[in-house]
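Hi,

Here is the structure I promised to pass on. Have a look at it first, and then read my notes on its charged side chains.

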Amino acid sequence: MGKNQHVIPVDGGWAVKAEGESEPSHTVGTQQEAFEIGRDIAKKERSELLIHGEDGKIRERNTYGKDPHPPKG
């Protein structure tokens, strides 16, 4: 599995940042654009995409690889 990708708010826009990296790989104007870029990277790397709200808190997460903790049932 690759690095998890985070969609985060930045000054006046949104960014996609790999977990553990100090700088974002992409900076765009809208959260939707950042989501689409992050989703493509997460799918390619078979990792997780974590989408943060404007307050910085995680509001959604999507797994695009083998889920290490699949739901029971």
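Below is what turned up when I went through the salt bridges.

Keep in mind that this is a predicted model. The count comes to 3 salt bridges, so let's take them in turn, using a cut-off of 4 Å between a side-chain nitrogen and a carboxyl oxygen.

Start with E21 and K3. Their closest N and O atoms are 2.3 Å apart, and the two form a salt bridge. Why does this pair tie together separate parts of the chain? E21 sits in the loop between β2 (13-18) and β3 (26-28), while K3 belongs to the segment before β1 (5-10), so the parts being joined are 18 residues apart in sequence. E21 is partly exposed, at 36% relative accessible area, and K3 is partly exposed too, at 38%.

Next up is R61 with E48, another salt bridge, where the closest N and O atoms are 2.9 Å apart. This one links two strands: R61 is in β5 (residues 58-63) and E48 is in β4 (residues 48-52), so the pair ties together parts that are 13 residues apart in sequence. Is E48 buried or exposed? E48 is buried, with a relative accessible area of just 15%, and that falls under the 20% cut-off. Its partner R61 is partly exposed, at 49%, because exposed means over 50%.

Last, E60 and R59 meet through their side chains in a salt bridge, at 3.8 Å from N to O. That is within the 4 Å limit, so the pair counts. E60 is partly exposed, with 32% relative accessibility.

Happy browsing!

Notes: Residues numbered from 1 in each chain as written. Predicted model: local features only at pLDDT ≥ 70, side-chain atom pairs only at ≥ 80, totals over all residues. Heavy atoms only, no water. Helix = DSSP H or I, 4+ residues; strand = E, 2+ residues; numbered from the N terminus. Buried < 20%, exposed > 50% of the residue type's maximum accessible area, 1.4 Å probe, protein only.
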